[in-house]
Every structure is written in C-alpha cells, then in structure tokens.
Amino acid sequence: MSIEPSRRGGVVAALGTSQTLAWAASYYLPAILADDMAAAAGVPRAWVFGAFSGALLLTAVLGPWVGRTIDRRGGRGVLAASNIVLALGLAVLGASNGIAMQCAAWVVLGIGMALGLYDAAFAALAGIYGRDARGPITGITLIAGFASTVGWPLSALLNDSFGWRGACLGWAALNLLICVPVNRFLVPLPAAPSRSAVSESTVSPPANGMMVLGFVFGAVGFVTGAMAAHLPRLLEMSGATATAAIAAASLMGPAQVAARLFEFGVLKRLHPLVPARLALLLHPLGAAVLGVFGGPAASAFAVLHGAGNGLLTISRGTLPLALFGPAGYGLRTGIIAAPARVTTAAAPLLFGLLLNVMGMGALLVSGGLSLAALASLALLRAQPAEAAS
C-alpha cells in the first residue's frame, strides 16, 4: 500500500504529537514532581527515582514482546492502548498515599512506556512504510524532540495550580482525550499485516549485527542517561557558574532538534551508518573540548553532546531498518533496545558515583564508551539487507 505524501505528513504529525505528550507524561515527569511526590510519601527523593528506574527496567523486559505484537497486528491498537495504560498509571500515582502505591503506579507506567514510546512508534512506522520509514521516523523525533520543552513547563504549571496530584491527573486526561483518539484514528494499519509475522520465522538476521547494535545502543544509553541526570553538575565541576551551567545545559534540546533537521535535510541521502558514526564522535569531541578549556566551553560541550544524542535517537530506529529490513522489525528492535533501557536506568546512579570519585575524569568513561561504540560499527556492512519476500 502506498500512502501519498500529504497523508504521510498527517501520520507523522499525529504520531509526533502523541509521542510528545506520552514522553512528557512519563519519562519527563519525575524531574518536576519528584520532590513533592517524595515529600507526600515521606521518603527521600532518591526513592522516587528508584521507582522510576524500575519502570525503565520493566520496559527493557517487555520491549521484545511489544515489538513482536506490533509486527503481527500493527501499531495502531498498541499505541492507543499505551495511552490508556499511561493514564491509568498516572491516575494511580495521583491517588497514591505512600511509596508502595507510588511504586505500583510506576509499574503501570513502565508498561505504558514499553507499549508506546519511540521503539513502538518506530515499529508502527516500519509496518506502515517498510523501507521508506526513515523519513517518518526522523519526522516524529523532530516533533517529539520538544517533549521536555513542552512537558517541564506544563508539569510545573499544573503543579503550581493544582498540586502534583492534579498534575498527574491532568496528564492522564491529555493521554485519554488527545493521544488515544489520535493514535486510534489517525495512524493507519500496516501495508501488509501478516508479512512481518511470516518473515519473522523464516529470516534470521545476522547474529553479529544484533550484538553490535545492542552494544552500540547500550553504550549510548549509558551516556544519554548520565548526561540527562548530571549535565548541570558536570558543567559546574568544569568551572562554570551555576547560572552558566544551567544556561549551557538548556542548549542541549535545541541542538538535538537542529541535528535532526540536518539529518532530515542533508544526511538522509546517506546510509544510516554514516550519521551514526558522526553522532558517536560528537560526545567524545565535546568531552575533549570541555577537558581542555573548562567552564568557558560548557556551551560547546552541551551543543556537541545534544547534537550527537539527537542523531542517535534517529539511528536507533533507522539502523535496524536499513541493515535488516522491515520484516520482524518490532521484535528485533525490542531486543536491540533492551540493553539501552537497562543502561539508561542505571546511568544516573553509576555516573553520579563516578563523578564523586573521578570528578571530570568521569568523562573518560562516557567518552570511551562512545568511541568503543564507534569502533564496533566497523563490524557492520553499509549495504542494506535485501527485503524479505
């Protein structure tokens, strides 16, 4: 089935909107509400983030099952269900009266994130567009790149107006009233619903390719999680003032979006391995600049890291598609993404300990992981796999 460009733009806009709200209502929620949630439960803030990390680990476990389901049935129903589950988790969170109930809410939210965030959306697009999904994948990451830009201020506004419980209920309402109908009625069914399921059992992807991509995105997941949690602190340790560190860190989001625009306009003609290699160079380059020049280079580091992270988000969807084709894409990406979800969940704690022990030397670890991932990409061939028939 061929979908005309205007219809394709509508699908990208719909998925980009629902992804923005889903990310804002789940992954980006603790940054604003964690203190009030912890105070209400009478526990340290770290306990809330521990529950959040547990939810991220749950997404790693469920990812392959979600991907297989999308391969067989398409992504429309799964994505709509994800918003219902997220709304339920947010409602339980808003009604919680202690840390145990908050933990239960994060279990539900973890299921919702597994069902509905990027990997599920990428799999839905692969089912709809096949090998032509690269453009739509880039498109939804461009829109959803503003999830924190939208989510953090809106969470703060809801919190100030209605308290943290009201903020959770507000996000639940947005998922039900906007995301469910958008995903259910504006996301088409896949072109050939049974193709992935049939091909999955007859086509075996190269084992080394799966292992390499698992390592690459596992390494990237650690760096991403570490910087998301500790970037302002790291920049202060480099010599920047607290104000300058926050200002520099705020450049990361625009840098991600700018890099995705560059991929969409310039790099789209190249094999996805090329932008992936470029992206993996940017964090070590930024670390070297920050190490040499210190605080004055804080903005340069944030921009370089943000640009690399923006490109790598796209690579997470486009590399498996280019190397293995659309058949069995959901299951395959669920397996490949599992290490990244684990390392992203563990990174805030582990990198925080590294900062305590090594100071700025912790960048040797994050930069080294990026370079190791870059070296491992040499094991992959640049020619796309033949589409399964």
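A residue counts as buried when its relative accessible area is under 20%, as exposed when that area is over 50%, and as partly exposed in between. The exercises below use this definition on a predicted model.

**Exercise 1. Decide whether aspartate 119 and arginine 316 are buried, partly exposed or exposed, and describe how the two residues are paired.**

Step 1. Aspartate 119 has a relative accessibility of 8%, and because this value lies under the 20% limit, aspartate 119 counts as buried.

Step 2. Arginine 316 has a relative accessible area of 25%, which falls between the two limits, so arginine 316 is partly exposed.

Step 3. Side chains of opposite charge can pair when their charged atoms come close. Here arginine 316 and aspartate 119 form a salt bridge, in which the closest N and O atoms are 2.7 Å apart.

Step 4. This pair links distant parts of the chain, since arginine 316 belongs to helix α14 (residues 298-324) and aspartate 119 to helix α6, with their positions 197 residues apart in sequence.

**Exercise 2. Find which residues are linked with Asp119 in a network of salt bridges, and then describe the salt bridge between glutamate 263 and arginine 134.**

Step 1. A search of the whole structure finds four salt bridges. One of them joins the side chains of arginine 341 and aspartate 119, with a distance of 2.9 Å from N to O.

Step 2. Arginine 341 lies in helix α15 (residues 329-358) and aspartate 119 in helix α6, so this salt bridge ties together parts of the chain that are 222 residues apart in sequence. Both arginine 341 and aspartate 119 are buried.

Step 3. Taken together, Asp119, Arg316 and Arg341 are linked in a network of salt bridges.

Step 4. Glutamate 263 and arginine 134 form another salt bridge, and their closest N and O atoms are 2.6 Å apart. Glutamate 263 lies in helix α12 (residues 252-265) and arginine 134 in helix α7, so the pair ties together parts that are 129 residues apart in sequence.

**Exercise 3. Describe the surroundings of arginine 134, beginning with its helix and ending with its contacts.**

Step 1. Arginine 134 lies in helix α7, which spans residues 134-144 and is mostly covered, with nine of its 11 residues buried. Among the buried residues of α7 are Pro136, Ile137, Ile140 and Leu142.

Step 2. Arginine 134 itself has a relative accessibility of 14%, and because this is under 20%, arginine 134 counts as buried.

Step 3. When residues up to four places away in sequence are not counted, arginine 134 touches several residues, including Glu263, Leu267, His271, Pro275 and Leu321. Glu263 is thus a contact of arginine 134 as well as its salt-bridge partner.

**Exercise 4. Set the nonpolar interior beside the nonpolar patch on the surface.**

Step 1. The largest nonpolar core has 62 residues, of which Leu93, Trp106, Leu125 and Trp171 touch the most other members. Helix α6 (residues 118-129) gives the most to this core, with 10 residues.

Step 2. Leucine 125, with its neighbours within four places in sequence left aside, is in contact with residues that include Val11, Leu15, Pro136, Ile137 and Ile140. Of these contacts, Pro136, Ile137 and Ile140 are also among the buried residues of α7.

Step 3. On the surface, Ile84, Leu176, Leu177 and Ile178 form a nonpolar patch with about 380 Å² of accessible area together, and helix α8 (residues 147-186) supplies the largest share, namely three residues.

Step 4. Isoleucine 178 is found in helix α8, and because its relative accessible area is 33%, isoleucine 178 is partly exposed.

**Exercise 5. Judge whether the overall dimensions of the protein agree or disagree with those of a compact globule.**

Step 1. The secondary structure comes to 16 helices and zero strands.

Step 2. A compact globule of 389 residues would have a radius of gyration near 21 Å, and the protein has 20 Å, which agrees. Along the principal axes, the C-alpha atoms fill a box of roughly 55 × 50 × 35 Å.

Step 3. Of the 389 residues, 55% count as buried. The accessible surface comes to about 15,300 Å², and 70% of this belongs to carbon and sulfur atoms.

Step 4. Among contacts with a separation of 6 or more, 83% are made by residues 24 or more positions apart.

Conventions
Residues are numbered from 1 along each chain as its sequence is written. This is a predicted model: local features need pLDDT of at least 70, side-chain atom pairs count only at pLDDT 80 or more; totals for chains, interfaces and linings use all residues. Side-chain values use heavy atoms; hydrogens and water are left out. Buried means under 20% relative accessible area, exposed over 50%, partly exposed in between (1.4 Å probe, protein chains only). Helices (H or I, at least four residues) and strands (E, at least two) are DSSP runs, numbered from the N terminus. Contact means heavy atoms within 4.5 Å. A nonpolar core is a set of buried Ala, Val, Leu, Ile, Met, Phe, Trp, Tyr and Cys residues joined through side-chain atoms within 4.5 Å. Patches are made of residues with over 30% relative accessible area and no salt bridge: like charges are joined within 9 Å, nonpolar side chains (Val, Leu, Ile, Met, Phe, Trp, Tyr) within 5 Å. Accessible areas come from the Shrake-Rupley method with a 1.4 Å probe; for residues, only the protein chains shown count as cover. The radius of gyration is taken over C-alpha atoms; the globule rule is 2.2 Å times the number of residues to the power 0.38.
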